[in-house]
Amino acid sequence: MAKQLVIVESPTKAKTLERYLGSDYSVAASRGHVRDLPEDRMGVDPEHDFRPEYQVKADSEETIRRLRAAYRNAGGLWLATDFDREGEAIAWHVAESIGADPRTANRVTFTEITKDAVQGAFREPRHIDFHLVDAQQARRILDRIVGYELSPLLSKRLRRALSAGRVQSVALRLIVDREREIRAFVAVEYWSVDARLSPAEGQTSFLARLIQVGEDKLPASPDKRGLVLSTQEEAQAHVDRLWNAAYRVQEVRQREIKRTPAPPFTTSTLQQEAARKLGFSSRRTMQIAQRLYEGVNLPGEGQVGLITYMRTDSVNIAEQALAELTRVVTDLYGPEYALAEPRRYRKKQRGAQEAHEAIRPTNAARHPDQLEQVLDPGQFRLYRLIWQRTVASQMAEARFDQVSVDISATMPDQDPGQQPAYLLRATGQTLKFDGFRRVYFEGRDDTADEDAEATLPALTAEQALRLLELLPEQHFTQPPPRYTEASLVKALEENGIGRPSTYAPTISTLLDRKYVRLEDKRFYPEDIGEVVTDTLVDYFPDIVDVGFTVRLEEELDDIAEGKAGWVQVLREFYDPFKETVDIVGPKIQPPEKRLDELCPRCPEEGRTPGHLVEKLGRYGKFIACENYPECKYTRELSGEARPEPELLDELCPESGHPLMRRVGRYGPFIGCSAYPECKYIKKEPPKGTGITCPQCKQGELVERKGRFGSFYSCSRYPECTFSVNQQPFPEPCPNCQGLVVAARGGARRCIACGKAWSEGGEELPEDEAKALVPKSRGGGGGRGGRSARPAARGGGKKKAPSARASRASKAS
């Protein structure tokens, strides 16, 4: 009897499912998306209802051949791709690519890869939900239209290799707008006055803050209503009076306050908390979470999925899991930490990726400590975070005893019944029962910990107090903080920009394009990022408008729910957008700002001085003369002069003209002064690294300059043709003794065995290591270490599109 064919995305997921389905099923992996729009053209026909031209991806052709052959010999087809719009679209693409009818294929979904969940899903299959497919297809086409219309326009009118995107450009604007808020911010000075008081000789002292002068209340910051002590002189005047005051407890207020735990993780909150507590980027968090979801090989159990599906907006937990969590809390921490009834969270948000559970452990009884020797460090730390957050969500509240004491300060000449001249307040709180905090409490970005403990001595009303010292303190209002990865993801989610699956790639794109940079875990916009944002705001305001982007997301949700047609939504966006592109495209010009300062070089060369202008160059903004090209004066924005070309005594061997020292894209070089007629460049001797060539074992790796920047090759070239693009390190791979080179994000990887390590030295899982292998900067598929002529780096013809490229056959 022919086996049933099950198709999932990844080999790891396939291996896990095989354990639960038995011998009647054969599980194969598509390895992600198998079809997409072509890379070399838009691939969408707006004139014919936005018909997409899908092609089997070049690296999926062999996979499709294998799946097609397996389908021909199978007794049935089951599509078990992920439980969201993206997974629904992959299922449709796979069915069409292997020649199956996508309308009749079995579709199974589950939010956790456990035996019960998988077998339950296979008992109740459904068909592909074409509303979800339409929504994903509309998103893909929408993003392709925006990218293919705007990116070439920006590259042509502003600078090469620029891009724009429906979500990335709004995210960039958030960062740029925040930076400009910070620049425009004017700090305001204000003062506070604290008094250190004590109930009696030798007893514990405490601090109380001045909150009222007569009938005027002092606000917490100067932007609030009330009496503000704006200068040291104002504060000191009250300090001088307070030294003569008598202090007495006016009122003591005591109450118990409760704190409830944060809900279990969604995609957004997982990325935020992993950034705060673990220092993980959004991309790394999702890579590790994917591995934990698809399955890890556990001793004695085999391949096991450890967490539920990691792309979700839901905070709901299944009833079975809630009961299990109650047992775990009771067993580990005692009945006083458990809840009488489960705590149920609800989050009302449309388009919640159709996944109905929060991110949680598939088995709460699987304590992180049991897995520490099995998981790699990154996996262990993320699993522990998910386990702690989930367990804490079903634990008792934390309880604090909070005390607030108002203290009157009266002057010697005041009548007994008169209002006190001053009022001060002291607050304190102590933890009475730790509850969920025994396991976990949520991190914060830029706010104080409201649960911080501070103790006060026992005080009673009318009790006299001794003044020990007065502490006036200067403060300044603070600008809004720059975004971290955590706070940017939070802002994207709160504003409804994109969806959980888009946060990590959006941030990666902004960094890869060098629109922004990360310093001390904060985002700073680069000059080009600000210019792109300004251009889009001026000419395409809708594209970077948060409200417009949110409305588009809601329309995609309407498509997913069957309330709108995808062609209609695209038409309503495309027609006015295309009209704007055609009208304003020719008007876009690189930004130039004319300065009052005159060029210092023009008079030296006998010209009327031109005004200096601020321009955008390949590497950011700089100052130049408006008389260019007659005047070539330039300098940095900082005022530092750019190095002038220097004529040398040496002659060019090709043209006979003097050679000239210049500064180019890759630093100083020596070339012919007759450029561009003569393009001779004098080759500088390569810089040694002291690292032995891993190929010939005789030469030394040396740093050379090439068309695409620095690279490293053997000093014995052309006898040995080894080269590598990334900086090599002298310490060999501990696994195979191969060459270790630099990788993205401070990581390192071995070009021989493929193993990789994070910046902190932790070994990365195989899929993360593979993701670090760069593509050739010249457009080829380089492995990062190869035998190739340095003169031909990055060459190679593009592969022709597959003959099996197919158009979408599904009717709208």
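Pro 629 sits in the loop that links strand S22 (620-625) to strand S23 (634-636), and the peptide bond leading into this proline from Tyr 628 is cis, with omega near 15°. This is a predicted model, so please read everything below in that light. The points that follow start with backbone geometry in loops, then move to helices, a buried alanine and the sheets.

**Cis peptide bonds**

- Tyr 628 to Pro 629 is a cis step, with omega near 15°.
- Tyr 717 to Pro 718 is also a cis peptide bond, and here omega is near 10°.
- Pro 718 belongs to the loop between strand S30 (709-714) and strand S31 (722-724).

**Positive phi outside glycine**

- Lys 514 is not a glycine, yet its phi is positive, at about 60°.
- The loop that holds Lys 514 runs between helix H14 (500-512) and strand S18 (516-519).
- Is Lys 514 buried or exposed? Lys 514 is exposed, with a relative accessible area of 59%.
- Gln 737 is another residue other than glycine with a positive phi, in this case near 70°.
- You will find Gln 737 in the loop between strand S32 (728-729) and strand S33 (740-742).
- Gln 737 counts as exposed because its relative accessibility is 56%, and the cut-off for exposed is over 50%.

**Helix H9 against helix H12**

- Helix H9 (residues 282-294) and helix H12 (residues 377-393) have axes that come within 10 Å and cross at roughly 85°.
- With that crossing angle, H9 is roughly perpendicular to H12, a label that covers 65 to 115 degrees.
- On the H9 side, the contact is made by Arg 284, Thr 285, Ile 288, Ala 289, Arg 291 and Leu 292.
- On the H12 side, the partners are Gly 378, Gln 379, Leu 382 and Tyr 383.
- By residue type, the contact of H9 with H12 divides into 5 nonpolar, 3 polar and 2 charged residues.

**Helix H15 and its surroundings**

- Helix H15 (residues 527-539) has 13 residues, which at 1.5 Å a residue should span 18 Å.
- The end C-alpha atoms of H15 are 18 Å apart, so the expected span and the model agree.
- Which residues of H15 are buried? They are Ile 528, Gly 529, Glu 530, Val 531, Val 532, Thr 533, Thr 535 and Leu 536.
- The buried residues of H15 pack against two helices and three strands: helix H5 (130-157), helix H6 (168-184), strand S19 (522-525), strand S21 (611-617) and S22.

**Ala 135 in helix H5**

- Ala 135 is part of helix H5 and counts as buried, at 1% relative accessibility.
- Leaving aside residues up to four places away in sequence, Ala 135 touches Arg 85, Leu 556, Ile 559 and Ala 560.
- The C-alpha atoms of Ala 135 and Glu 561 are separated by 8.8 Å, although the two residues are 426 residues apart along the chain.

**A parallel sheet and helix H1**

- Four strands form an open sheet with parallel pairing, in the order S2-S1-S7-S8.
- Strand S2 (25-29) and strand S8 (106-107) are the edge strands, and each pairs on one side only.
- Strand S7 (residues 76-79) pairs with S8 over 2 bridges, in the parallel sense.
- Leu 79 has Arg 107 in S8 as its bridge partner.
- Helix H1 (residues 11-21) lies across strand S1 (4-8) and S2, and runs at about 170° to S2.

**Strand S9 and its partners**

- Strand S9 (residues 189-198) is mostly covered, with 8 of its 10 residues buried.
- S9 runs antiparallel to strand S17 (residues 464-476), and 10 bridges join them.
- Leu 197 has Leu 467 in S17 as its bridge partner.
- S9 also pairs with strand S10 (residues 206-213) in the antiparallel sense, over 4 bridges.
- Arg 196 stands opposite Leu 207 in S10.

**An antiparallel sheet**

- The open sheet S32-S33-S34-S35 has 4 strands with antiparallel pairing.
- S32 and strand S35 (756-757) each have a single partner strand, so one side of each is left without a neighbour in the sheet.
- S32 and S33 pair over 2 bridges, and Pro 728 has Val 741 in S33 as its bridge partner.

Terms used
Residues are numbered from 1 along each chain as its sequence is written. This is a predicted model: local features need pLDDT of at least 70, side-chain atom pairs count only at pLDDT 80 or more; totals for chains, interfaces and linings use all residues. Side-chain values use heavy atoms; hydrogens and water are left out. Axes are lines fitted to C-alpha atoms, for helices over the stretch in contact, and angles run from 0 to 180 degrees between N-to-C directions. Angles under 35 degrees count as roughly parallel, over 145 as roughly antiparallel, 65 to 115 as roughly perpendicular and the rest as oblique. Contact means heavy atoms within 4.5 Å. Ala, Val, Leu, Ile, Met, Phe, Trp, Tyr, Cys and Pro count as nonpolar, Asp, Glu, Lys and Arg as charged, and the others, Gly among them, as polar. Buried means under 20% relative accessible area, exposed over 50%, partly exposed in between (1.4 Å probe, protein chains only). The expected span of a helix is 1.5 Å times one less than its number of residues. Two strands pair if DSSP finds at least two bridges between them.
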